[in-house]
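I set aside this session to go through one structure piece by piece and to write down what I looked up. The entries below are in the order in which I made them.

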Amino acid sequence: MERDWANLESLALDIIISKLIEPIDHIWFGSVCKNWHSIAKLNHLNNYKFRNNILPMLMIPSKKNPRKRSPRKRSLFSISANRVYEFQLTVFSNKRVCGSTHGWIGTVDQNNVITLVNPFKDVAPIILPRIDVYDSYKYYEFDVRKVTLSVDPITNPNDYVVAAIYTNRGCLAFMKAGQEFWTYMDDIDNPRHTGFIDVAFYKDLVYAVSCRNEIVSFDLCYSTCPYRFEERIPNFVRQRDEDEDEDESYFPLAYLVTSLEGDLWMVRRFVDTVYPCVGGSENNGTQSFQVFKLELDCTGEKLINMIKLETLGDNVLFLGGSDSTSISASYFSCYVQKNSIYYTDNYIDDTPVRYPQVPYDMGIYNVKDGSFGIHCPFKPYFKGLAPPVWVLPPFQWDC
C-alpha cells in the first residue's frame, strides 16, 4: 500500500518540520505540495523563536563541473547538518567578497564600483557610485576591505545606508540610498583617521575600529543634496593612550558585534601572519581571540569602560569578512559549541594573496579554554579560490 505523503496529518508534519534547523530545509519542505507548504508557512508565522534565531551558513567554493568552462560559483555549507548544499549561488568562487550583509553579497570591480547582489532573492543588484580609491592594492579586489548595510534594502528600499572601508590606507565612507556621491570620513593630514579594519551599525550610530586599537563613531546626518561631494571627520570613542606601546596596541584584525544582550562588543584576533604549509597546524594563522564589552556613555560617543570577557554567556560569535553575528548557544545547543567563536579567513596584509594555495585560516576558537576546532573541513577543490564567508540567508514566506 502506497503512503499518501501529501496528506499526512498536521501533527506528523509539525514534528518533521520542528527537526529542521536550516531555513533552506523549511523552503524545500514547503515545496513538496500545497499541504506541506501551508504547514511550513503556518509554522513560520507562529514560531517566533525560529524566525529570530537563524544560524549562519558558510558560502564556499562549489565543485568544478568538468562539462562546463564557465567560472565556478558558490555553494552553502551547513554547520548544523555538516553538509554541503550543492545548488549554486550567483557569486563566483574566483571573486573575493568584500561584504556579506542582510543576505546581500558585495564585490568591487576594476573601476572601483561596488555591486551588491542578493543570491537568495529575485531582485536587481544594487550598483553603487564609484568610490575614490586613491591608494590601491596590487589586486583591485582588496581595494574595498568591507562594505555593510544598515538594513535590508528589500524591506527599506529608500531608507538604507551603506558604509565601506576602502583603499590600502583603511579609510571610511558612507552613503544613503539614492545619493550619487559617497561621504568620506577622511583627513589626509591626520593618519589617525585611517587604518580601519571593521565597521558596523549600532543603534543610531556607525562605529569603526582601527588596527591601532582605536574606535570612532559618526552619526548618519548626511548631505540633503544627493549630488554634492562631502568630507567629514569622525568622533573618537577611544583613542590609543600616549603611554601604550605602539607594537602591543597594533591588531591586524578586530571586529565589532552586537551581543544578544544588546551591548557592543569588540573582538581582537591575534594572527601569526606567516601562513603554514599544507598539513600545518589546524588554526592556520590565528593564535587566539580576546573579547571586550564596550560600556558607552548615554550618547554612545565616548567609552566609559572596556571589560575583557572570560566567557561569552549565551553568545556564540560568527566573525570574518561578513557582518559579525551573535547567536544563542542554548537555542542551537545541539549544533554549536558554547563560549566559541566561529571564524573565517579575512586577513589582509600589505601584499595580500589573491587566491590562497594553502588551507584557509578558519575554524572554531573556545574563549574559555583556548582550544581550537574545525567547522568546515578544507576541501581539495577550495585550493586557489577566494576564501569562504558567512551568510545569513533571508527567510520570509512571501506567498
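What follows are my notes on the whole chain, its cores, some of its strands, its salt bridges and one serine.

**Entry 1: the chain as a whole**

I noted at the outset that this is a predicted model, and I have kept that in mind throughout. I looked up the secondary structure and found 4 helices and 26 strands in the protein chain. Of its 399 residues, 54% count as buried, and the chain exposes about 19100 Å², of which carbon and sulfur atoms supply 50%. I also checked how far apart in sequence the contacting residues are: among contacts with a separation of 6 or more, residues 24 or more positions apart account for 57%.

**Entry 2: the cores**

Which residues have the most contacts inside the largest nonpolar core? I found I114, L128, I131, V162, Y166 and W182 in that role, within a core of 22 residues. The elements that give two or more residues to this core are β5 (104–108), β6 (114–117), β8 (144–149), β9 (161–166) and β10 (171–176). Another core, of 21 residues, lies apart from it, and its members include I60, F318, C376 and F382.

I then took I131 as an example from the largest core and listed what it touches, leaving out residues up to four places away in sequence: N112, V144, A164, Y166, A173, W182 and Y184.

**Entry 3: strand β2 and its neighbours**

I wanted to know how many residues of strand β2 (residues 74–78) are buried. The count came out as 5 of 5, so by the cut-off of under 20% relative accessible area the strand is mostly covered. In a regular strand the side chains alternate between the two faces of the sheet, and I therefore looked at each side of the strand in turn. R74, L76 and S78 are buried on one side, and S75 and F77 are buried on the other, which leaves both faces of β2 covered.

For the pairing, I found that β2 is joined to strand β1 (residues 57–61) by 4 bridges, the two running antiparallel, with I60 standing opposite S75 in β2. I60 is also one of the residues of the 21-residue core noted above. Between β2 and strand β3 (residues 83–89) there are likewise 4 bridges, again antiparallel, and here S78 stands opposite R83 in β3. The hairpin of β2 and β3 has 4 residues between the strands, and N82 takes a positive phi near 50 degrees there.

**Entry 4: an open sheet**

I next traced an open sheet of 5 strands and wrote down its order as β22-β21-β23-β24-β25, with mixed pairing. Its edge strands are β22 (325–328) and β25 (372–373), each of which pairs on one side only. Within the sheet, strand β21 (residues 315–319) and strand β23 (residues 340–343) pair in the parallel sense over 3 bridges, and L319 stands opposite Y343 in β23.

**Entry 5: salt bridges**

A search of the whole structure gave 5 salt bridges, and I recorded three pairs in detail.

- R169 forms a salt bridge with D135, the closest N and O atoms being 3.9 Å apart. The pair links distant parts of the chain, with R169 in the loop between β9 and β10 and D135 in the loop between β7 (126–127) and β8, 34 residues apart. D135 counts as partly exposed because its relative accessibility is 30%.
- R212 forms a salt bridge with E214, with the closest N and O atoms 3.6 Å apart, and R212 and E214 are both buried.
- D361 and R269 meet through their side chains in a salt bridge of 3.2 Å, N to O. D361 lies in the loop between β23 and β24 (363–366) and R269 in strand β18, so the pair ties together parts 92 residues apart in sequence.

Why do I list D361 as buried? I do so because its relative accessibility is 0%, and R269 counts as buried because its relative accessibility is 0% too.

**Entry 6: S259**

Last, I looked up S259 and placed it in the loop between β17 (253–258) and β18 (264–271). S259 is buried, with a relative accessible area of 4%. Its side chain is joined to that of E261 by a polar contact of 3.1 Å. Leaving out residues up to four places away in sequence, I found that S259 touches W265, N315 and S326.

Key
Residues numbered from 1 in each chain as written. Predicted model: local features only at pLDDT ≥ 70, side-chain atom pairs only at ≥ 80, totals over all residues. Heavy atoms only, no water. Buried < 20%, exposed > 50% of the residue type's maximum accessible area, 1.4 Å probe, protein only. Polar contact = N/O pair within 3.5 Å; in protein donor to acceptor, adjacent residues only side chain to side chain. Contact = heavy atoms within 4.5 Å. Core = buried A, V, L, I, M, F, W, Y, C linked by side-chain atoms within 4.5 Å. Pairing = 2+ DSSP bridges. Areas by Shrake-Rupley, 256 points an atom, 1.4 Å probe, with all protein chains shown as cover. Salt bridge = Lys/Arg side-chain N within 4 Å of Asp/Glu carboxyl O.
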